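I opened this entry to record what I looked up about the contact between two chains, and then about one chain on its own.

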Amino acid sequence: MSSEAVHADRAHPSYVRIYLALLVLLAISLLGPMFGHPIVTLVTAFGIAIVKATMVAAYFMHLNIEERYVWYILFVMLGFVLVMFAGIAPDVMLPAGQNWLHLPITPPAPPVHH
Amino acid sequence: MSMPAPAHGAAVAHAPESFWSRYVFSTDHKVIGLQYMFTGMAMALIGGFMAYVFRMQLAFPGQSVPLYGLVTAREYNALITNHGSIMIFWVSMPVLIAGLGNFLIPLMIGCDDMVFPRLNRLSYQIFFVSVVIILISLVVPGGGFGGAWTAYPPLSASAHYNHTPWGAPLWLLAVALEFVAFLLGGINFTVTVMNARAPGMTAMRIPIVVWMIVIASLVFMGSVGPLIAGAVMLFLDQTVGTQFFDPKAGGDPLLWQHLFWFFGHPEVYVVLLPATGVVAEVLTVFARKKLFAYKTILGTAIATGIISFFVWAHHQFVAGIDPRMAHLFTITTLLISIPVAEMLFAFIATLYGGSIEFATPMLWALAFIAEFLIGGVTGIFLGANATDIYLHDTYFVVAHFHYTFFPIAIIGTFAAITYWFPKMFGRRMSETLGKIHFWGTVIPFNLIFIPLFLTGVAGQHRRIYSYENFPQLSTPWLNHLAVIATVALIVMLAFQVVFLVNFFWSMRHGEEVGANPWNANTLEWAAPSPPPHGNFVTMPAVYRGPYEYGVPDRDLDYWPQHVPNQEELPRA
Amino acid sequence: MSHAADVRAHVPIATGRSATGIPTARLAVWWVLASEIVIFGGLIGSYVMLRLHHPHWAEEASHTNTVAGAFNTFVLLTSSLAAVLAHQAAEARNGPRAARFLGLTILGGLVFLMVKSFEWSNEIAHGFTIFRDVFWSYYYVTCGLHGLHVIVGMVIMGIVAADARRGRNLHRVELIGIYWHFVDAVWIFLFPLFYIAK
Ligand code: HEM
């Protein structure tokens, strides 16, 4: 992701080659689960998704030759998503245990009429 | 509401335009800004009327309210819900961000329009549709949505619980459309300020209010996404019958609370920042003194914007969230008061040693600082999880956030309108009427909400239709306070008539003014009043920062941004 | 600084300025994508935490059609290639060629949607409706939101392509391309989330 090429006359890389690389990565992500090992699947599924998305962003969206701070803008937004996840996940993922008490409902007393 | 024809040389020659193309379908940023502003102010009247109705019900429970009639419990809920939603989404946002942003940004950074004028118009049109929908939602069968502006499921998720089969989805749709409108507007603002600045308008020469509006737009953009996703889910829960937020089916109601407040809390800073920007502009002009610590103020605004993403769960301390997270959110909440306090200190330091003129805009700006301080200080109690567990959802909270929102949405807006009115319409508002209106608004405001602090501490809960059902909470003393608050509200609403008279009368008959009636520096005052389509007679360039007031060795005590340096040489 | 002779009515001077060095329209597209990131991020984030919370969702997920998903990934990647080649052609000021590549991209979108509707009708027919479980609610809503983006992209691309064919507004070819690659990138994450992780 070097930015040396900023404002160079946009020498286009070979898009077909990048495309082929993406297809190879796709194939690997499909083969991953066949090892039957959850960690391997995790890496081949999501690790490769990150690599693929970065490649698409860098070469197809031309972020590699765009001003640097566009990356930062997008990453800050991703950062907000992570903050959201970190703040919410403890409640949504682990509601069992210390945060909730399962109390039987006591119906309110009937209203007293004078 | 006619806008006076440009009296000075217009920058762009124009064929006569019809009323429609000039005021309704215009792409001119100033017209769109005023559209937002007028719509927002009309909605403020509606929101204020709702406050009147439900306050009357609280002060005189079960009695027919003049101009409205009997308030049922269901109507009460719908009234407070839509009061809150309207005041935030259809008053604060359009007036402070969209209205001021549209009107001011191109003028203040020295260009002729927004970079995407048609997108701008589209944004207003979407906003307008959302206004129509929220108003329709009040009168559909079943009545308006009554599940509070926070719309917590399961109550909001199913007509089975909330009994508003039409009101709830329409409310949600209106809010979602409003989000879309402000996303489009925010992108337009941001790109305009990034790209379309006048030559010489470097980042550190941009007026604070423009910075504030841009930071607010970005905070909005960063926080609203998850809630848009959440709104889609909630809408499907309401209309199709999915169970995203239904714990019985594996959904999670707490998720909505989080998604809502992940947006909802940054949102309060979204409306706060533009208001503080307005205050900064007004303070320097009427103190005739350079803004104290421009860069610090900017830094505090950015810090506030960022920290505002880390505090949201302080609204949920009693919602059963993880207690360890609650501690974290307490700490971040206390932290965010630091930059905000710093900003207020910088404002006060700006006043120190200035030659202060108590014109109406200045009064509003000073009132903002004083009243917002009360809001901020009471917020500390609510941000600390231990005290909040007692105070949560009491009138203490209501009083606290009105001490923040009212300065923002009402006081800040009046500061802006009285200050920029000459630019908008080429005429001055009446100072006398302005001051009557000022005191007639600010004094009753305190009389409304100080009693509510007390009823809150005494244990009165918010969103309660009638305290007659709670004998311990309807003691004579508490009822007294409720009556005081309500009477003060009626007085305050009555004084708004003074403003309306002043506004519309001055629009046509006020004293005509030149381009720069306040002797201010920023670029909008270099354009004719009101600015023609295209804004400037000659496009300005910028030579210095926006706050060069009282510069030593200068005859004039101000030094407009667009005046080249050599101008002063021949004076000697 | 501005092209004062611009005859097209009402193009403000502002639009032609570029203090940052990024053309205004492209800068706006980046901000659009920035706001999209949080929208999809919110949806996907919510899904992930519920998914981790509910072990039985893995069982539900095993009913999605991995082959169809993989094929759709392939289709979108291919359409992205066409979009970037269109951009290359537009930069060479070859409008008709750019339009042809954009046509291929639209075709890709069409195939994607067809596969998707095949998948969905199959799943619905087997009882995996949006109501079956919150997992399926997320599946339909997330893919549906993504599909909506595909449709919107295709429509805009059609307009841009029609313009490009006559050599007009060629800079828009790049812009719609950027958007399309983003939609592609979102799918790159949806694919493992809904089709691989079982
Ligand atoms: C005109 C003067 C105003 C008065 C007298 C007033 C009064 C009130 C009262 C008494 C409540 C609580 C009702 C209840 O819980 O039963 C309330 C709720 C609320 N108000 Fe106001 N208000 C005013 C202006 C504003 C403004 C300017 C804003 C914001 C910009 C605002 C935002 C809200 C919100 C967000 C709620 C919460 C609604 C809910 O519980 O869902 N209000 N108002």
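**Interface of chains A and B**

I looked up the interface first: chain A and chain B bury about 1500 Å² between them, with 76% coming from carbon and sulfur atoms. Buried area here is the accessible area (1.4 Å probe) that two parts lose on being put together, summed over both. On the side of chain A, I noted that A:Phe80, A:Ile88 and A:Asp91 lose the most area to chain B, together 33% of what that side buries.

The model is predicted: local features need pLDDT of at least 70, side-chain atom pairs count only at pLDDT 80 or more, and totals for chains, interfaces and linings use all residues. Residues are numbered from 1 along each chain as its sequence is written, chains are lettered from A and ligands numbered from 1 in the order written, and side-chain values use heavy atoms, with hydrogens and water left out.

I then listed the participants: 14 residues of chain A and 20 residues of chain B take part in the contact (heavy atoms within 4.5 Å). I found two residue pairs in polar contact between chain A and chain B, both at pLDDT 80 or more; a polar contact is a pair of N or O atoms within 3.5 Å, where within protein one must be able to donate a hydrogen and the other to accept it, and residues adjacent in sequence count only if both atoms are side-chain atoms.

**Chain A alone**

I recorded 60% of the contacts in chain A with a separation of 6 or more as joining residues 24 or more positions apart.
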